[in-house]
Amino acid sequence: MAAKGTTIKEALGKWEEKTESKASESKEVKLYGQLPPIEKMDASLSTLSCCEKLSLSTNCIEKIANLNGLKNLRILSLGRNNIKSLTGLEAVGDTLEELWISYNLIEKLKGINVLKKLKVLYLSNNYVKDWGEFGKLGDLPCLEDLLMVGNPLEEKHTAEGDWRDQASKRLPKLRKLDGVPVIRNEEGGEED
C-alpha cells in the first residue's frame, strides 16, 4: 500500500510547530519538500489570508487549486511538482507578481493570462514546444523576467542560434530572459 501524502493541514501544523508562528498570520509560509509529499492543494490553503509568499515546491502536486483565500499572495513557488496546467490561478490573478513553476509537466500556457500583475515567471524545464503557446505570455502586461531554459522550444531555437532574438521580439517588455538582461537597441541598429 502506497503511503498517503501529507495534507496541507498537516503540513501547516508541522510548519507552525517548527516556526512557532500562526500560518494564518504569517506573510511567508514554506511547505516545500514534505515527506510524504503533498499531493493536493486543498482548502486548508484558504486560511493563509496574510500570506504573501507561499512555497509548495518539491512535492507531488498535480494541479493548482484552492487559492481563493490568499488575498495578498505575491509569490507562489510550485517548482518540482507534477503540475500539467496553469489553470486554477484566477483567484490570485490581481495580486500574484512571481510564479516559480520550473521542473513540472507544463506544455500549454492556457490560463496564464489571468495574472495581470505577473512580473517574474520561472518556467524552466517544462514541456513548452511551440511559439503559439509562448505567445500567450504576451497577454501578461507586466512580465519582465522569464526563465524558459530546458523547454523543447528554447532548446530547439538555442541550437538554431535565434532563441533570444525570437523570444525578446515576441515579448517587447521583457527585461531579463533566462537570467540574462535583454539588451535592446532602440535605434534599430546592431548591438556590439
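How much accessible surface does the protein chain have, and what percentage of that surface belongs to carbon and sulfur atoms? In this predicted model, the accessible surface comes to about 10400 Å². Carbon and sulfur atoms account for 51% of that area.

The protein chain contains four helices and eight strands. Along the sequence, these elements follow the pattern α-β-β-β-β-β-α-β-α-α-β-β. A helix thus opens the pattern, and two strands close it.

The overall dimensions were examined next. The C-alpha atoms fill a box of roughly 60 × 35 × 25 Å along the principal axes. The radius of gyration of the protein chain is 18 Å. This value agrees with a compact globule, because a globule of 192 residues would have a radius of gyration near 16 Å. Of the 192 residues, 41% are buried. Among contacts with a separation of 6 or more, 40% join residues 24 or more positions apart.

Charges were also located. The protein chain carries 29 positive and 31 negative charges. The mean positions of the two sets lie 5 Å apart.

At the residue level, Ser57 was considered. Ser57 sits in the loop between strand 2 (53-55) and strand 3 (75-77). The relative accessibility of Ser57 is 14%, so this residue counts as buried; the cut-off is under 20%. Neighbours within four places in sequence were left aside for the contacts of Ser57. On that basis, Ser57 touches Tyr32 and Gly33. Ser57 is also in contact with Ser77, Leu78, Gly79, Arg80 and Asn81. One of these partners, Ser77, belongs to strand 3 (75-77).

Note on methods: Residues are numbered from 1 along each chain as its sequence is written. This is a predicted model: local features need pLDDT of at least 70, side-chain atom pairs count only at pLDDT 80 or more; totals for chains, interfaces and linings use all residues. Side-chain values use heavy atoms; hydrogens and water are left out. The radius of gyration is taken over C-alpha atoms; the globule rule is 2.2 Å times the number of residues to the power 0.38. Buried means under 20% relative accessible area, exposed over 50%, partly exposed in between (1.4 Å probe, protein chains only). Contact means heavy atoms within 4.5 Å. Accessible areas come from the Shrake-Rupley method with a 1.4 Å probe; for residues, only the protein chains shown count as cover. Lys and Arg count as positive and Asp and Glu as negative; His and the chain ends are not counted. The place of a charge is taken as NZ of Lys, CZ of Arg, CG of Asp or CD of Glu.
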